[in-house]
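Hello,

Here is the structure I promised to pass on to you. Have a look at it first, and my notes follow below.

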Amino acid sequence: MTKCVYIGNLDWAITSDQLKEHMAKAGAIVSAEIPMRGDGKSKGFGLVEYESEDGMKKAVETLHDTELGTRKVFIREDRPNGEDRGRV
């Protein structure tokens, strides 16, 4: 099973460091990234990998629909190989 979560509806101004700080409330993180468009702007979503499956599950259970920046984010388990990324 994956240990990654997809975070959607990100505030455009959120940085990877801010995302990592917010998501670390659920457990130890391996990596946090916000993919960027060719013009350097955020694509509006992020990917976070946890050290454990428990951290990933806790993130989905406790951080979904929490406020990060000016928006409430939605969080779900990331889909294998990025299939349907960007879709809810």
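To begin with the overall layout, how many helices and how many strands make up the secondary structure of the chain? There are two helices and six strands. Please keep in mind that this is a predicted model. Read from the N terminus, the elements follow one another as β-α-β-β-α-β-β-β. The chain has 88 residues, of which 38% count as buried. If we take the contacts between residues at least 6 apart in sequence, 59% of them join residues at least 24 apart.

Now for the sheet. Four strands form an open sheet in the order E2-E3-E1-E6, and the pairing is antiparallel. E2 and strand E6 (74–77) are the edge strands, each pairing on one side only. From one strand to the next, the twist averages 20°. E1 and E6 run antiparallel and are joined by four bridges. In this part of the sheet, Tyr6 stands opposite Arg76 in E6.

Both helices come up here as well. H1 packs on the sheet and touches E1, E2, E3 and E6, and the direction of H1 makes about 140° with that of E2. H2 also packs on the sheet, where H2 touches E1, E3 and E6. The direction of H2 makes about 150° with that of E6.

Next, the core. The largest nonpolar core has 18 residues, and those with the most contacts inside this core are Val5, Ile7, Leu19, Met23, Val48 and Tyr50. Two or more residues each come from strand E1 (4–8), helix H1 (16–23), strand E2 (29–33), strand E3 (45–50) and helix H2 (53–63). H2 gives the most, with three residues. As a general background, nonpolar side chains tend to be buried together in soluble globular proteins.

Val5 is a good residue to click on. Not counting neighbours within four places in sequence, Val5 is in contact with a long list of residues, including Met23, Val48, Tyr50, Met56, Ala59, Val60 and Ile75. Arg76, Glu77 and Asp78 are also among the contacts of Val5.

The part I would most like you to see is the aromatic group. How many aromatic pairs are there? The count comes to two. In one of these, the ring centres of Tyr6 and Phe45 are 5.3 Å apart and the planes are at 20°, so the pair is stacked. Tyr6 lies in strand E1 and Phe45 in strand E3, so this pair ties together parts that are 39 residues apart in sequence. Tyr6 is buried, at 3% relative accessibility, and Phe45 is buried too, with a relative accessible area of 12%.

The other pair is Tyr6 with Phe74: the ring centres are 5.9 Å apart and the planes are at 35°, so this pair is tilted. Because Tyr6 lies in strand E1 and Phe74 in strand E6, the pair ties together parts that are 68 residues apart in sequence. Is Phe74 buried or partly exposed? Phe74 is partly exposed, with a relative accessible area of 21%.

Taken together, Tyr6, Phe45 and Phe74 form one aromatic cluster. Arg76 comes in here again: the charged end of Arg76 sits over the ring of Tyr6, 4.3 Å from the ring centre.

Happy viewing, and best wishes

How values were computed. Residues numbered from 1 in each chain as written. Predicted model: local features only at pLDDT ≥ 70, side-chain atom pairs only at ≥ 80, totals over all residues. Heavy atoms only, no water. Core = buried A, V, L, I, M, F, W, Y, C linked by side-chain atoms within 4.5 Å. Buried < 20%, exposed > 50% of the residue type's maximum accessible area, 1.4 Å probe, protein only. Contact = heavy atoms within 4.5 Å. Pairing = 2+ DSSP bridges. Axes fitted to C-alpha atoms, helices over the stretch in contact; angles between N-to-C directions. Phe/Tyr/Trp six-rings, centres within 6.5 Å; stacked < 30°, edge-to-face > 60°. Lys NZ or Arg CZ within 6 Å of the ring centre and 35° of its normal.
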